[in-house]
Number of protein chains: 2
Amino acid sequence: MALSKSPYKGTRDFFPEQMRLRNYIFSKMAEVSELYAYEPYDGPMVEELDLYRAKSGEELINEQVYKFIDRGDREVAIRPEMTPTVARMVAQIHREVAKPLRWFSIPNLMRYEKPQKARLREFWQYNADIFGAPEGLGDIEIIQLAIGIMQAFGANNNHFEILINSRKFVDYVFTGPIHLEAEMTKKLYKLIDKKNKMPADKFSAEVAQITNDPKKSQIFEKYVALSTMKEIESFFEETFDGLEKDKIFNETLKPLMTIFAQLKNLGLGDYIKFDPSIVRGLDYYTDMVFEIFDKHPENRRAIAGGGAYANLLSIFGEQPLPGIGFGLGEVPLTEFLKTHNLLPDTSIQNIDILIAYTDLKSEKTVFELSQVLRNSKIKVEVFMGESKPKKVFSYTDKKQPRFVLILSADDIASGEVQVKNLQDKNIHKMSLSDIDKLIDLIKGSR
Amino acid sequence: MALSKSPYKGTRDFFPEQMRLRNYIFSKMAEVSELYAYEPYDGPMVEELDLYRAKSGEELINEQVYKFIDRGDREVAIRPEMTPTVARMVAQIHREVAKPLRWFSIPNLMRYEKPQKARLREFWQYNADIFGAPEGLGDIEIIQLAIGIMQAFGANNNHFEILINSRKFVDYVFTGPIHLEAEMTKKLYKLIDKKNKMPADKFSAEVAQITNDPKKSQIFEKYVALSTMKEIESFFEETFDGLEKDKIFNETLKPLMTIFAQLKNLGLGDYIKFDPSIVRGLDYYTDMVFEIFDKHPENRRAIAGGGAYANLLSIFGEQPLPGIGFGLGEVPLTEFLKTHNLLPDTSIQNIDILIAYTDLKSEKTVFELSQVLRNSKIKVEVFMGESKPKKVFSYTDKKQPRFVLILSADDIASGEVQVKNLQDKNIHKMSLSDIDKLIDLIKGSR
């Protein structure tokens with residue numbers, strides 16, 4: 001029986017058109033990262049499973065990680081996310097290097113997922129992190145960078161918004177006024193994630209069931225309904241009191257308000273919004289958290305998410321080093337760009353000139369000429385085998401090189417050739433001995 | 001107990017210095033590929049194991065492949081090589097697209113290996129293939145491309161050579177004059193690979209044991225001692241006779257001699273050498289085979305290998321489509337470049353300007369100015385937090401940006417700033433309102 005030609009479930013083949021698109025996306029990400037002085041890094045595609053046990057939480061390990069036992073009886077996992085790897089790497093060197101560290105990577109990751117729109121089992125994810133930045137300033141830069149990347153794709157505040165929250169504030173609300181057992185608190189966190197996907201009365205019913213206390217339910221529902229800085233301030237005033245009030249304010253709302261003010265100063269106020277429902281699950285985040293959200297009504301989803309974390313290095317027995325980072329998946333990003341008609345056309349290969357020949361005698365010259373042009377960084381496709389012009393032009397119709405040159409033994413004898421510009425249809429007469437003129441013609445047309 | 005900070009056995013962490021080197025290597029590979037009109041592609045990092053069962057041979061499957069059972073009871077493998085994937089992809093589309101197909105990729109691959117010099121468990125490998133080229137011409141282009149890539153790293157025929165053989169010729173020698181059972185033939189193939197690593201008498205003893213026939217041994221030893229086209233021709237004359245002689249010559253030595261002649265025409269004669277010991281194991285190769293070899297006496301090893309194959313698509317129930325390709329691993333390539341002192345220095349990050357501030361009042365201006373410069377593609381590092389110039393300069397000593405600007409409230413009040421070029425130590429006075437002048441200064445110094 002013939003073998004299947006399909007890729008493994010939930011993974012993709014990148015044919016040249018898709019690969020050029022991926023390269024376009026990755027090169028924009030890298031370019032903007034370097035404008036912000038972020039340095040590239042990468043880790044292995046597999047890690048020992050313990051790394052994720054320590055960092056990523058039960059759900060990821062039990063349900064999403066591709067894991068296996070290797071020949072040395074080690075439990076190994078294909079990386080499902082990059083943060084544990086970057087933490088491991090930073091733990092190795094953070095004591096010897098100048099800080100802050102600004103790092104980015106674009107690894108391929110794998111997770112068991114039911115393949116669906118914008119969800120695949122193998123995907124690439126841009127990751128950027130700043131470690132050891134002075135308090136508050138890393139947050140600003142990371143959000144600037146996130147916006148900068150989105151803008152590099154032609155997106156603006158009509159297309160996306162950044163929803164921001166303070167994880168610390170959520171934690172105070174949940175451990176203070178809504179004091180519940182850990183298990184119940186987890187349930188509330190999960191419920192927040194689902195809020196926009198369920199009817200209001202069903203949401204309220206579930207809240208009531210979890211808290212089992214009308215007063216607590218009221219505070220929780222009030223919390224998740226907040227939508228402006230003003231509202232959050234009055235909620236704070238109503239909800240917290242006593243000696244801790246100033247401390248809590250200084251740790252949560254004050255830094256958040258500073259971040260908002262500074263981003264407004266930078267002209268980015270129209271991109272950012274406070275959103276109490278952004279909590280980033282049960283992850284390692286300890287302070288500001290945010291998500292980039294598509295504003296299109298038919299594609300309301302998170303494209304990226306991230307936040308600040310204080311304790312990533314502790315599992316390696318290292319001193320704390322605060323960090324802030326985010327991940328941006330190429331799958332939801334591509335979906336976003338498609339939705340807003342921001343994808344470039346990558347169907348056509350970039351070829352400067354196609355060189356063909358009508359007779360075997362000219363073959364040697366074609367190969368030689370091509371090599372000379374390539375030495376001058378001209379992209380040359382040799383049309384192999386002696387061919388009639390008609391066949392060559394039927395091929396250039398498909399491949400669309402910028403120029404075409406069809407060589408014959410007569411041309412070589414006369415030393416004169418005709419180079420056709422396939423965009424403006426002009427024909428340029430050239431001497432075969434004046435290659436520089438040909439090079440100038442081609443480079444001038446780029 | 002604290003978690004290990006080391007990467008999984010046989011894999012590497014790419015810190016920024018190593019990652020910049022990897023990016024340099026990959027971008028050269030991609031750049032030269034595009035000069036030859038090769039298009040980028042990629043496949044998934046995992047494939048169903050059956051794909052390798054059909055293509056890669058027992059040894060790879062049993063000893064080298066990372067394999068596991070997924071949650072859907074599929075046997076899955078992390079890709080140990082790229083050729084089966086590219087064959088699977090080409091099988092999907094070859095009937096609908098213009099040929100030849102010229103494709104390249106740089107995937108990460110995994111194999112169980114005892115980690116040693118130039119051998120790791122995870123590595124990246126450049127792959128290029130041409131499918132459906134007219135006979136003989138694909139071979140020329142693939143070898144041109146291989147040489148072109150090596151030259152892009154500054155290497156020439158003092159540093160490496162390309163050892164070429166005809167797999168078909170080897171097969172005729174082995175099945176004709178040295179006629180042995182399949183099992184014994186396999187052993188001879190393996191022995192050839194080890195020839196240069198064992199004493200001559202031990203080699204002869206093993207040959208005698210395998211063939212169990214002095215005449216056959218003599219032919220075999222004569223064959224592996226061949227080193228020029230002239231020698232191979234007289235060996236052919238002595239060894240083959242009868243009706244088949246012309247047929248065999250036309251299928252094996254004639255095309256090989258044509259390839260050599262054409263590469264000589266292109267000025268590449270000094271790079272290529274006939275080598276009877278290049279047989280490329282028990283792989284899918286059916287015609288020309290070659291390896292790029294380091295010429296340095298202390299690093300005699302293959303950096304790359306490839307050849308022509310006729311039947312890659314048959315396992316998918318597709319018509320044959322001839323192809324020629326090669327793989328070039330970044331690990332042996334890096335070892336080669338290091339050996340010949342051809343590695344660039346990637347220890348320093350490329351930063352155009354570092355902008356610092358001495359007082360909190362200037363922070364806002366620094367963030368704003370940085371954003372304006374980045375919009376003009378200037379790579380800006382913000383030195384976060386109010387800092388004394390001494391601290392800033394101690395940092396720039398390490399990071400080596402090209403320019404530094406330290407802003408104070410006084411500067412902002414006067415509108416005049418001083419930008420220092422850290423290479424020539426010149427100080428440029430600028431008006432804060434004339435950002436274009438600053439942009440020109442920085443871009444002009446690149």
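Turn chain B by 180 degrees, with 0.0 Å of shift along the rotation axis, and it lands on chain A with an RMSD of 0.1 Å. Superposition here is a least-squares fit on the C-alpha atoms of residues with pLDDT of at least 70 in both copies. The two copies are thus related as by a two-fold rotation axis. The same surface is used by both copies, since 100% of the contact residues of chain B recur in chain A. Within chain B, Phe68(B) is the residue that comes closest to the rotation axis, with its C-alpha at 3.1 Å.

A word on ground rules: this is a predicted model, where local features need pLDDT of at least 70, side-chain atom pairs count only at pLDDT 80 or more, and totals for chains, interfaces and linings use all residues. Residues are numbered from 1 along each chain as its sequence is written, while chains are lettered from A and ligands numbered from 1 in the order in which they are written.

**Where the chains meet**

On the chain B side, 74 residues are in contact with 74 residues of chain A (contact means that C-beta atoms, placed from the backbone, lie within 7 Å). Helix α1(B) gives the most to this side of chain B, with six residues. By class, the side of chain B that touches chain A holds 40 nonpolar, 12 polar and 22 charged residues. Ala, Val, Leu, Ile, Met, Phe, Trp, Tyr, Cys and Pro count as nonpolar, Asp, Glu, Lys and Arg as charged, and the others, Gly among them, as polar.

**Chain A overall**

Chain A has 17 helices and 17 strands; these are DSSP runs numbered from the N terminus, helices being H or I with at least four residues and strands E with at least two. Its radius of gyration is 29 Å, well over the 22 Å that the globule rule gives for 446 residues, so chain A is more spread out than a compact globule. The radius is taken over C-alpha atoms, and the rule is 2.2 Å times the number of residues to the power 0.38. Along its principal axes, the C-alpha trace of chain A spans about 95 × 55 × 50 Å.

**Two helix pairs**

| Pair | Axes come within | Crossing angle |
|---|---|---|
| α1(B), residues 16-35, and α5(B), residues 137-152 | 9 Å | roughly 140 degrees |
| α5(A), residues 137-152, and α12(A), residues 253-265 | 10 Å | roughly 45 degrees |

Axes are lines fitted to C-alpha atoms, for helices over the stretch in contact, and angles run from 0 to 180 degrees between N-to-C directions. Angles under 35 degrees count as roughly parallel, over 145 as roughly antiparallel, 65 to 115 as roughly perpendicular and the rest as oblique.

That crossing angle makes α1(B) oblique to α5(B). In this pair, Lys28(B), Met29(B), Glu31(B) and Val32(B) of α1(B) meet Leu145(B), Gly148(B), Ile149(B) and Ala152(B) of α5(B). Five nonpolar, one polar and two charged residues make up that contact.

Likewise, α5(A) and α12(A) are oblique to each other. Asp139(A), Ile140(A) and Ile143(A) of α5(A) touch Ile259(A), Gln262(A) and Leu263(A) of α12(A). Here the classes come to four nonpolar, one polar and one charged.

**Backbone oddities**

Most residues other than glycine have a negative phi, and most peptide bonds are trans. Lys99(A) and Pro100(A) are joined by a cis peptide bond with omega of about 5 degrees, and Pro100(A) is found in the loop between α4 (83-93) and β5 (101-105) of chain A. Asn212(A), not a glycine, has a positive phi of about 55 degrees.

Notes
Two residues are in contact if their C-beta atoms, placed from the backbone, lie within 7 Å.
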